[in-house]
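Please look over the model below, chain by chain. The report that follows covers confidence, helices, the core and the contact between the chains.

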Amino acid sequence: MRKRFGHVIALLSVLALVLAACTATEATTTTGENRPPSTNTPGPDPITDDGIDAATGLPVIAPIDYSGDIVAMGSSTVFPLSEVVANEWIDEGGPNITIDSIGSGAGFERFCETGESDISNASRPIREEEVSSCESIGRIPIEFRVGTDALAITVSAKNYFATDITLAELAVLFSTAQTWQDVRAEWPAHPVAVFSPGTDSGTFDYFVEEVFDEDDAPILGSGAQFSEDDNVLVTGIAGDACTEGDASSTCAVGYFGFAYFVENEDVLTALSVEGVEPNAANVDAGAYPLSRPLFMYSDAGIMADKPQVAAFLTYYLNNVSRLIADVGYFPAPAADMQSGVDALKEYWDSAG
Amino acid sequence: MTGHATHTNTQNPFRKRRRPFEALVKAALFASGALSIATTVGLVVVLTQQALLFFFDPQVSLGEFLTGTAWQPQLGAFGIWPLILATLITSAIAMFVALPLGLACAIYLSEYASARVRGTIKPILEVLAGIPTVVFGYFALNFMTPLLRNVFGDATVQIFNQASAGIVVGILIIPLVSSLAEDAIHAVPQSLREAAYGMGATRLEVSTRVVLPAALSGITAAFVVAISRAIGETMVVAIAAGAAPRNFAFGDDSMLGFIVNPFLSGETMTGHIVRISGGDISYASIDYTSIFAIGLTLFVMTLTLNSISRRFVARFRETYE
């Protein structure tokens, strides 16, 4: 018995040594990644000699030159995009960023009422009352357009009958419909289960605006399951897949930002809306009815106090159009991004 | 003390010697006791305050709150029953799992298991008690739900459902039931068992007819603590049970097919509170104060349970000297 115990100890020590060695190697690799050669900026975003980004005309930022914290809060739709940009920023040695995914409305509350955040992510433009509460704490929101999202209306990949839907049918499906047959006569009579982003999310606001003409009562009264966590929605929609021939089986439907659909394409199907498929060409052409702009908001005072925030926003605009496709959204037209670019130019000019 | 007293004989012989350190310890112990009471009082005050804000809102009537069967705060429908019902369903399922298994476990450990087996099993059970509940939540969603769907069919069992959450909450509280029940069983004097064995009783007879009745009050207390725990459990139901209160209307909806059907999704009081407070709704709204009313209801429910258990324990306590 004692002898066996000895073996265990020996084994554990060996393991510990191996683990320590592994950790050490890993640590070195990370440090290596932290300091890439400054000339190494991949992608179709060439830099002119004087360190000006060719696409935006803003200075090229070296994240490693900055320190201090950056706090971003807001839309769960902008979250994955900001996360990707923030990862590159941190890989290039930039200071730490916290991004909270709490919904656009709650994001503005933290930005304009409690003043907790430096950047507010939003999947809808800021509202007038939010601007005035921002002003009452001395913040004047500056808008940065960062991309375009399309809402995906999704069903389980196992759904065997639904491929397209109209806006009028959506209004029935997400409110009074008990079965799918109530929506379209040729569809089978499976019970409907509805999944929706939470009422505080910009995604919800946008859906209600487009489908219900800004009246949220029908969807609130529908028995829909609301969650701020898009993974809950994906699980629910993919999981409640009806079986052909069994009329009692539930068929779920839901909607969220296109990125979540792209990530879960293997378990979900996106419906065409009004006969238009949600894809880049249709969104750019403005043909897809459920596409919407994505924003970030900050304030000149914050940028003056925290240069790292201005640097991050500049870095964001310089790089977002290159990174956005990976997240599953669509680049914003350059003309729409211009006002944000101008605000930052003004900052850099005055900062010298 | 006595030695000292003889010296100061001329004065008061019963005067205590001063012990400053003793006083310090006493004060520290009192402070920690007082702190937990103060926390409870603070909690009740905050809960009641916010809940009163809710009840005094013109949109709300106490009658509707206590009898209504639809909880749609954004539409001004504040009937607590859908939330209470989901809480009761998941807790009942949890009890159905935890009570028999936990009790059997306790009886096995204290009456049947050899010291060695006991020494192995008890720590394992304690590990089960130490697993974070969020892990149990995903266990419910990713293991229990697919299992239920295999057994009863995808058509019957929704992806988010109360049965799966309830079963896993039950598993979660087995260690609690078994350890409390075992303590109660352990407290039964050995002489009772020996007397029963002496009269030719089998192990099963001793366990079920002598030990269990003797430990009844302690076991009941264990059960009630477990029920409170099940009612208050949050993460598992938040993850696996669903994200909307299942509103119903008596008469329109079938009782077994819909209202109390555990295979459908539902939202418990705790699940609703955690979802709403997690950023779904803004602070200054009635929806937000409504969660304090739910919290207060929960508090009243567990308080009632605890008082019942105290009374029960006092009434049925068997004392052995």
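Which residue follows H6(A), and is its phi positive or negative? The residue is Asp213(A), and its phi is positive, near 55°. The model is predicted.

The helix before Asp213(A) is H6(A), residues 202-212. H6(A) is mostly covered, with eight of its 11 residues buried. Gly202(A), Thr203(A), Phe204(A), Asp205(A), Tyr206(A), Phe207(A) and Val208(A) are buried, and so is Val211(A).

Helix H5 of chain B, residues 115-130, presents another picture. None of the 16 residues of H5(B) is buried, so the helix lies largely in the open. H5(B) reaches 23 Å from first C-alpha to last, close to the 22 Å expected at 1.5 Å a residue.

**Confidence**

The model scores ipTM 0.75 and pTM 0.72. The chain values are as follows.

| Chain | Mean pLDDT | Residues at pLDDT 70 or more |
|---|---|---|
| Chain A | 83 | 86% |
| Chain B | 87 | 93% |

Two stretches of chain A need care. Residues 8-12 of chain A have pLDDT below 50 and zero contacts beyond near neighbours in sequence. Residues 14-46 of chain A also fall below 50, but this stretch has 15 contacts beyond near neighbours in sequence. Where pLDDT is low, predicted coordinates should not be read in detail.

In chain B, confidence is lowest in helix H1, residues 2-7, at a mean of 48. Confidence in chain B is highest in H4(B), at 94.

**The core**

H4(B), residues 81-112, also gives the most to the largest nonpolar core, with 16 residues. That core has 170 residues. Those with the most contacts inside the core are Ala140(B), Val168(B), Val177(B), Val236(B) and Ala240(B).

What does Ala240(B) touch, leaving aside neighbours within four places in sequence? Its contacts are Gly137(B), Ala140(B), Leu141(B), Thr145(B), Phe160(B), Ser164(B), Ala165(B) and Val168(B). Two of these partners, Ala140(B) and Val168(B), are themselves listed with the most contacts inside the core. In soluble globular proteins, nonpolar side chains tend to be buried together.

**Between the chains**

The contact takes 28 residues from chain A and 20 residues from chain B. Helix H13 of chain B, residues 269-280, supplies the largest share of the chain B side, with four residues. By type, the chain B side divides into eight nonpolar, nine polar and three charged residues.

Notes: Residues numbered from 1 in each chain as written. Chains lettered and ligands numbered in written order. Predicted model: local features only at pLDDT ≥ 70, side-chain atom pairs only at ≥ 80, totals over all residues. pLDDT = per-residue confidence, 0-100. Contact = placed C-beta atoms within 7 Å. Helix = DSSP H or I, 4+ residues; strand = E, 2+ residues; numbered from the N terminus. Nonpolar A, V, L, I, M, F, W, Y, C, P; charged D, E, K, R; others polar. Core = buried A, V, L, I, M, F, W, Y, C linked by C-beta atoms within 7 Å. Buried ≥ 20, exposed ≤ 12 C-beta atoms within 10 Å, placed from the backbone. Expected span 1.5 Å × (residues − 1).
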